[in-house]
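Trainee: I would like a close look at a single part of this model. Please take one helix and follow what it packs against.

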Amino acid sequence: MQSQVQEKFSEYYSRWVALQEANLHQLLTVPRDPSHEKQHKHLVSKVTQLYKEYYTMKWAGAHQDVLGFYSPTWLTPLERTFLWFTDWKPSMLYRVLLHSLKSTAGLDDRDFKEMRWRTGVEEGRVEREMERQQVAMADRRMVELARGARGGGCVEGALDQVLLGLERVMKSADCVRLKALKEVLEVLSPLQCVDFMAALLVVQLRMRR
């Protein structure tokens, strides 16, 4: 059964997907001529702004029910198999990038490798933070509290700390996602950005179908 927060976010996510499907159609059909650079930038901006809005809504919902975002009822079983701390793994962007560009002109291989390395380092930090949270949850004092050894108020306070920790991990992971996306777009030409964002949406929307 969905919580109220999950139900509300499910409705928002359905609308978000519909908007991104419309954006994908525009990305795929816009003229590939460099003379349409202004249009290319506008389309990419529309997609990225929608991603930012998504995370704003997600963080607001998670503040009320963070566990609902670790078990997202609005995703299909296939989508859930690819989850990394409630969403897609940032390093996925580099695989999409390599397969999406018809031309790698202007893309410095050293820059690409450095970005991928930095993203990997930041992914590792998030994973270590989650390990710390898991250790805290398994701590003997937590077990004692869960058994009610120190009273209900203590149990509630301890669980609140666990939920806050999970919320921090989720937000840290989301920040890595957004930062990686921003860095990739900064090194691409406007037309390459169109091809890359189209490929990213195709991957996400096809998994959903």
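Mentor: Glutamine 6 touches Met1, Asp65, Gly68, Ser71, Thr73 and Trp74, leaving aside residues up to four places away in sequence; contact means heavy atoms within 4.5 Å. This glutamine sits in helix α1. Helices here are DSSP runs (H or I, at least four residues), strands are E runs of at least two, and both are numbered from the N terminus. At 6% relative accessibility, glutamine 6 counts as buried. Buried means under 20% relative accessible area, exposed over 50%, partly exposed in between, with a 1.4 Å probe and protein chains only.

A word on the source: this is a predicted model, in which local features need pLDDT of at least 70 and side-chain atom pairs count only at pLDDT 80 or more, while totals for chains, interfaces and linings use all residues. Residues are numbered from 1 along each chain as its sequence is written, and side-chain values use heavy atoms, with hydrogens and water left out.

Now the whole helix. α1 has 26 residues and spans 38 Å from first C-alpha to last. That is close to the 38 Å expected at 1.5 Å a residue, where the expected span is 1.5 Å times one less than the number of residues. Its buried residues include Val5, Gln6, Phe9, Tyr13, Trp16 and Leu27. Among the elements that cover the buried residues of α1 are α2, α3, α4 (77–81) and α9.

α1 (4–29) also gives two or more residues to the largest nonpolar core. Such a core is a set of buried Ala, Val, Leu, Ile, Met, Phe, Trp, Tyr and Cys residues joined through side-chain atoms within 4.5 Å. This one has 55 residues, and Tyr51, Phe196 and Met197 have the most contacts inside it. α8 gives the most to this core, with ten residues. Methionine 197 links back to our helix: its contacts include Leu27, alongside Val44, Tyr51 and Leu181.

The helix borders empty space too. There is one cavity of 30 Å³ or more, a cavity being a set of points on a 1 Å grid over the protein atoms alone where a 1.4 Å probe fits but cannot get out. The largest cavity holds about 270 Å³, a volume being the space filled by probe spheres set on the points, joined across faces, edges and corners. Of its 19 lining residues (an atom within 4 Å of a point), the closest to the centre are Tyr13, Glu79, Asp87, Trp88 and Gln204. α1, α2 and α9 each supply at least two lining residues, and α9 has the largest share, with five.

How values were computed
On a 1 Å grid over the protein atoms alone, a cavity is a set of points where a 1.4 Å probe fits but cannot get out, and a pocket is an open set with protein on both sides within 12 Å along at least five of seven lines; lining residues have an atom within 4 Å of a point.
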